[in-house]
Amino acid sequence: MSHGNMNLTLKVWKQKNKDTKGRFETYDAKGISPDMSFLEMFDVVNEQLISSGKEPIAFDHDCREGICGMCSMYINGRPHGPKGGITTCQLHMRSFKNGDTIVVEPWRSAAFPVIKDLAVDRSSFDRIMSAGGFVSVNTGNAKDANNILIPKDDADTAFDAAACIGCGACVAACKNSSAMLFVSAKVSQLSLLPQGKIEKQDRVLNMVKQMDEEGFGNCTNTGACEAECPKSISLENIARMNREYLGASFTQNKV
Amino acid sequence: MASSSKLNAKIPEGILENKWTKYRSTVHLVNPANKRSLEVIVVGSGLAGSSAAASLAEMGYKVKVFCFQDSPRRAHSIAAQGGVNAAKNYQNDGDSVYRLFYDTIKGGDYRAREANVHRLAEVSGNIIDQCVAQGVPFAREYGGTLSNRSFGGTQVQRTFYAAGQTGQQLLLGAYSALQRQVGMGAVTLMARHEMMDVVTIDGKARGIIARDLVTGKLQRHFGHAVLLCTGGYGNVFYLSTNAMGCNVTAAWKAHKKGAFFGNPCYTQIHPTCIPVSGDHQSKLTLMSESLRNDGRIWVPKQKDDKRKAKDIPEEERDYYLERRYPAFGNLVPRDVASRAAKERCDAGYGVGASKMAVYLDFEANMMRYGQIEANKKNIHNPSKETIRALGKDVVKEKYGNLFDMYKQITDEDPYEMPMRIYPAVHYTMGGLWVDYNLMTTVPGLYALGEANFSDHGANRLGASALMQGLADGYFVIPYTIGEYLSEEIRTKAIPTDNEAFVKAEAEVQERINKLFSIKGTKSVDHFHKALGKIMWEKCGMARNAKGLTEAIAEIQQLKKDFWSDVRVPGEQYEFNTELEKAHRVADFIELGELMCKDALNRNESCGGHFREEYQTADGEALRDDDNFAYVAAWEYKGESNFELHKEELKFENIKLAQRNYA
């Protein structure tokens, strides 16, 4: 079934599982409409593959409205493709030209092993969260919400950091596979708010420790993470985390 | 009408205001030492699942959480935009627990259970407190207090929000609490696992069969209780605002194991979504109801008007919601707003290329905000351009992310021209029937959040889904589960080589084998789209007996076609998304039939269920309280065979009335 008149060539990473070697495979994407999202273009290609008895391309996706953080394609050398500030699912084919060749890879990082084709395992992020990405408050302990007054600017800055969707584009963009932007966003959100200040030293130390254990690289301030982040999480968060980490290390002597 | 003897809602005695307080204080408890040997399975990690799992683990229960996504944080609660309701009365505008209760019952068109809804309103304030304590960054005023806005179907400002990402922030709060328990070893997390069946032993839920979606292996898991927090079934329509993976499988398997399905035909069609642009479309995107605070909805007064929106003068525009419902205007409930949009488009006044859209226009409020800003900044005699620029900044701060998303999808700039919107499937009020304890008709099997039927009647009010999911998880189940588990303290963990587990796993395996063996010619998506088309056309925004009868036959045929001609590529023991979809679509097909049967049975219109045969002279939903003031709870009796049981709805505190928003 034809939807539009764009014809493209895809070079897509195919890999059976984490233990096997991968390779690029070439596919034709025919009859693509500029109004399709990038993932809908993949749907069309997969539909054609299935109907001709071939195996479809595996990729992660869920909400398709840019908020769940599940989709994760490295398109023409950039996480989430050529446009800034959006996820793969929000990228539309009008950003490409008829006849283009598009190269699609999974997130590349030792801490994100490939599950199949374009789908990777990001459970390392969950483990970092378990190490300290929370306020230790059990259900039922809370006081009336307006007993905690928070200056609007602090609330807004905390919100900007909290907008992280945990997709891992920052790691994929970084030449060191660093997860500093992801970790610092959560550290910042919670340390900017009075509720999170009490545990801020343990939090930053524990989250960074877990981050290192997962095999993420270090930050060398190139800023690729911020440039590629679909939610425009600021590099300032990394600076804030470094300050907190240094402060916590000195006072707790846990370096 | 008397309720079926098979349904005991277990609503506590006493006056409405005291039911929950009294019950909570007298419900059976499990002592801390016993909690450590009781195991609870939670399926689904959205607001209801994460909050329940975290809270139960904090109390000392051993918890296992399953989600099909790669992380609990991906659950579709994340996509809720506008806000969460709570009866805090921070705005001093007359809100109260009673008013939230009343608005919810009325908004649900008098088809919800009074006691459940009142409890929901009672705990709503605690939710905000809990979330703030977790560090959820709600919007605030300059004085540091929390900010509120309005949502449809209410006249107070009780909605708390975090820009257009409230669901995300609430879910990340609950996810944080969950991950904290995972780190402490109190919760075992099973991501990329899908529940394939419920295991029952001696009539009680005792565990599940799950499939590891990475290795493809089937697993058996024991639990003293099983909580289904698996969301709604809007994807039965194929196109909806749900995530691609949202499915009914867990609820449907429970249904086939004895859990009655409540009011399956109650689906919510959300009025403000981005219209369908072509047949390639895989999902629809919602534009938050909060936009109706500042956006005015209109169509041209003249049919088939070819002019651009901007070129149509004020007097030639029909602000049909303000015209028909002056008291609530653009903030009428969702079902009313959706039907009104459909009515205008069907009558030939729609806009855009497809003519199946109406305008949502921010121009007037941009100018109003701009004037206020100019006054604040002491700008005298500002030009129109200055006012508009100032107003645009205000709108950007309130809804910037939504405007950006709209532009990204449609390639049109909503700051310069009105948005085009049309209703789309969004939420399902129906779900597994539960009693006051949130337990289904299968002992030990619970349903929380959107997966149950309980609180929203025939239509959910905006910003109430987040409220219900978190109420169930944080503040209801931690108490009510004690009533059951206190009787289970002598039950030792049942080994999973028990014959019930073996048999359940074998049945799942058989179905997988069957799916691979068909080797047909059509993809799973082909059948899903075909089902969606039937459902949208015949069981969608408007339904009638003839269409529903046809739909039932068409769906039965579709089921035959699916099981004889579907093609599932690949193999079982690998990451196989087509196999995942095949299971889900097979269940959607069966559910679709039940939805049509329920809609056909309900010979009245109420909330989101609009039967064309039953409407007032003005085209409003016409209820039949004498014959239909009941919950339809369906029992599975074998293929295409469902038995209706009725739970009578008693309204002791609110007088049944024709809903009036004019």
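Biologist: How many helices and strands are there in chain B?

Modeller: Chain B has 17 helices and 19 strands. Helices (H or I, at least four residues) and strands (E, at least two) are DSSP runs, numbered from the N terminus. Keep in mind that this is a predicted model, where local features need pLDDT of at least 70, side-chain atom pairs count only at pLDDT 80 or more, and totals for chains, interfaces and linings use all residues. As for labels, residues are numbered from 1 along each chain as its sequence is written, while chains are lettered from A and ligands numbered from 1 in the order in which they are written.

Biologist: What radius of gyration does chain B have, and what would a compact globule have?

Modeller: The radius is taken over C-alpha atoms, and the globule rule is 2.2 Å times the number of residues to the power 0.38. For 662 residues a compact globule would come out near 26 Å; chain B has 24 Å, which agrees. Its C-alpha trace spans about 80 × 55 × 50 Å along the principal axes.

Biologist: Which strands stand at the edges of the open sheet in chain B?

Modeller: Start with pairing: two strands pair if DSSP finds at least two bridges between them. This open sheet has 3 strands in the order β6-β7-β8 (chain B), with antiparallel pairing. The edges are β6 (193-201) and β8 (218-222) of chain B; each has a single partner strand, so one side of each is left without a neighbour in the sheet. On average, neighbouring strands are turned by 30 degrees against each other, direction ignored. Strand β7 (residues 204-212) of chain B is joined to β8(B) by 5 bridges, and Ile209(B) has Arg220(B) in β8(B) as its bridge partner.

Biologist: Which helix packs on that sheet?

Modeller: Helix α13 (residues 499-518) of chain B does, touching β6, β7 and β8 of chain B. Being in contact takes C-beta atoms, placed from the backbone, within 7 Å. The direction of α13 makes about 135 degrees with that of β6(B). Axes are lines fitted to C-alpha atoms, for helices over the stretch in contact, and angles run from 0 to 180 degrees between N-to-C directions.

Biologist: At what angle do α7 and α9 of chain A pack?

Modeller: Helix α7 (residues 200-213) and helix α9 (residues 236-252) of chain A pack at about 105 degrees, with axes 9 Å apart. That makes α7(A) roughly perpendicular to α9(A). Angles under 35 degrees count as roughly parallel, over 145 as roughly antiparallel, 65 to 115 as roughly perpendicular and the rest as oblique. Among the residues making the contact are Val204(A) and Leu205(A) of α7(A), and Tyr245(A) and Ala248(A) of α9(A).

Biologist: Which domains does the assignment give for chain B?

Modeller: Domain bounds come from an automatic or database domain assignment. In chain B, that gives domain 1 (270-425) and domain 2 (500-627). Their C-alpha centres lie 34 Å apart, and 6 residues of domain 1 are in contact with 5 residues of domain 2. On the domain 1 side, helix α9 (residues 334-346) of chain B gives the largest share, 5 residues.

Biologist: How many residues does each chain bring to the contact between A and B?

Modeller: Chain A brings 66 residues and chain B brings 64 residues. By class, the chain A side has 31 nonpolar, 19 polar and 16 charged residues. Ala, Val, Leu, Ile, Met, Phe, Trp, Tyr, Cys and Pro count as nonpolar, Asp, Glu, Lys and Arg as charged, and the others, Gly among them, as polar.

Technical notes: Two residues are in contact if their C-beta atoms, placed from the backbone, lie within 7 Å.
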